[in-house]
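Hi,

Here is the structure I promised to send over. Have a look at it first, and my notes follow underneath.

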Amino acid sequence: MELSLGRALCGGGSSVNSDGGRGDGGDVPKLLEQGVLLEDALGCEDGGDRVMCELLATWLKGQNEAANISALVVSAKGETDAHYQAVVKRLGVPLKTLRAGKAELITLNCLDDDVADAASLQRTGALEDSDGRSRAADIVRKVFRVLDSMTTSEGGVEMPRNVLVVIDDLSALGVLLGSTAQVLDVIHYVRRKLLGMNAAAVGMLAVVHADVESPLILSRIERAFATVVALRGLTTGRAPEIDGELSILKCAYSALRGSRSAEHAQQKSS
C-alpha cells in the first residue's frame with residue numbers, strides 16, 4: 001500500500017503550515033510538543049521505526065522555509081547521522097535544507113566507546129547495578145551538551161529554534177542501562193532540559209517495543225508521555241504493514257483521537 005501507518009497519523013505527511021494549523025501534517029508539531037510514545041507491537045520493518053521516521057521528517061520540514069528547526073536522535077541501536085539523514089531524505093527532507101542550516105539533524109550514538117565499555121563491564125559482572133545510574137547520567141550529559149549547541153544567531157542575537165528529541169528506542173536503551181528506572185530518569189531529565197530551553201517549540205518522540213516489554217514496564221513508561229500511540233496488526237490474515245492500525249491510547253491534543261488504519265487512513269469511533 002502507498003499509504004503507510006506514519007502517513008495516516010501525519011494526515012498525509014507533507015510540510016506543516018506556518019501557523020501550525022491543520023492541513024496535511026498540520027497536527028504533527030502540536031502532537032510532538034505534548035510528548036509522543038509509539039508502542040510498536042507490529043514486529044515488522046514498516047512498524048514503529050517507520051512511523052517515528054515519518055514524524056521526524058515532518059518536524060524537519062518545518063512550519064515554513066525560514067524556520068530554524070533542530071532534531072536530536074538519541075540512538076540506543078548504534079545508528080549514525082548518515083543513517084537518519086538517508087531515511088529522512090527518502091521521506092522528502094532535502095539534504096540541502098540540512099546543509100543550509102535551516103534544519104539541523106544530529107545523532108547521539110549511545111553505543112560509543114565509553115558507554116559500550118561500561119555496558120560490557122556490567123554484563124561481565126565487573127560493575128554493580130548502581131553503575132547503570134552513571135551510564136544514564138553520561139547519556140543525559142551528552143544530550144544536554146548537544147541541546148546547548150542548538151542555537152542560531154542573527155546579528156549577534158540568539159534566535160530560538162524548534163527542537164525535537166527522538167529516542168530510538170526505549171527498549172534498546174533499557175537493555176543498555178539495565179533498568180527501566182534509568183530509562184525513566186533519562187526521559188525525565190531530557191524533558192526538563194527541553195522545557196528550560198530558549199526555544200520556539202520543543203517536542204519529544206520515543207519508540208518502545210510493546211511485543212517484548214511487560215505490561216508493568218509499559219504502564220510505567222506511558223506515564224512519562226502525554227500521548228501514547230499503539231501500533232498493532234489487524235486480525236485479517238494479511239501482512240501487518242498493510243493492515244496495521246494506529247490506536248491513540250492517550251492524547252493531550254484533542255484533534256487526534258481514536259484509531260487510524262494504514263489502508264483507509266480514517267478515524268474510527270473510540
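Asp-169 is in the loop that runs from strand S6 (162-168) to helix H8 (170-177). Keep in mind that this is a predicted model. The peptide bond between Asp-168 and Asp-169 is cis, with omega at about -10°, so have a look at that spot when you open the file.

Next, helix H9, which covers residues 180-195. With 16 residues at 1.5 Å each, H9 should span 22 Å, and its end C-alpha atoms are 23 Å apart, so the two agree. At the N-terminal end, Ser-179 acts as the cap for H9: one of its side-chain oxygens is 3.1 Å from the backbone nitrogen of Ala-181. Which residues of H9 are buried? They are Thr-180, Gln-182, Val-183, Leu-184, Val-186, Ile-187, Val-190 and Leu-194.

Two charges sit over rings, and both involve residues you may want to click on. Lys-193 has its charged end over the ring of Phe-144, 5.3 Å from the centre. Arg-191 does likewise with Phe-225, at 5.9 Å from the ring centre. As for aromatic pairs, searching the whole structure turned up zero.

Finally, the chain overall. It has eleven helices and ten strands, and 50% of its 270 residues are buried. Of the contacts between residues at least 6 apart in sequence, 71% link residues at least 24 apart. The accessible surface is about 12,300 Å², with 48% of that belonging to carbon and sulfur atoms.

Cheers

How values were computed: Residues are numbered from 1 along each chain as its sequence is written. This is a predicted model: local features need pLDDT of at least 70, side-chain atom pairs count only at pLDDT 80 or more; totals for chains, interfaces and linings use all residues. Side-chain values use heavy atoms; hydrogens and water are left out. Rings of Phe, Tyr and Trp (its six-membered ring) pair if their centres lie within 6.5 Å; planes under 30 degrees apart count as stacked, over 60 as edge-to-face and the rest as tilted. A charge sits over a ring if NZ of Lys or CZ of Arg is within 6 Å of the ring centre and within 35 degrees of the ring normal. Helices (H or I, at least four residues) and strands (E, at least two) are DSSP runs, numbered from the N terminus. The expected span of a helix is 1.5 Å times one less than its number of residues. Buried means under 20% relative accessible area, exposed over 50%, partly exposed in between (1.4 Å probe, protein chains only). A polar contact is a pair of N or O atoms within 3.5 Å; within protein, one must be able to donate a hydrogen and the other to accept it, and residues adjacent in sequence count only if both atoms are side-chain atoms. Contact means heavy atoms within 4.5 Å. Accessible areas come from the Shrake-Rupley method with a 1.4 Å probe; for residues, only the protein chains shown count as cover.
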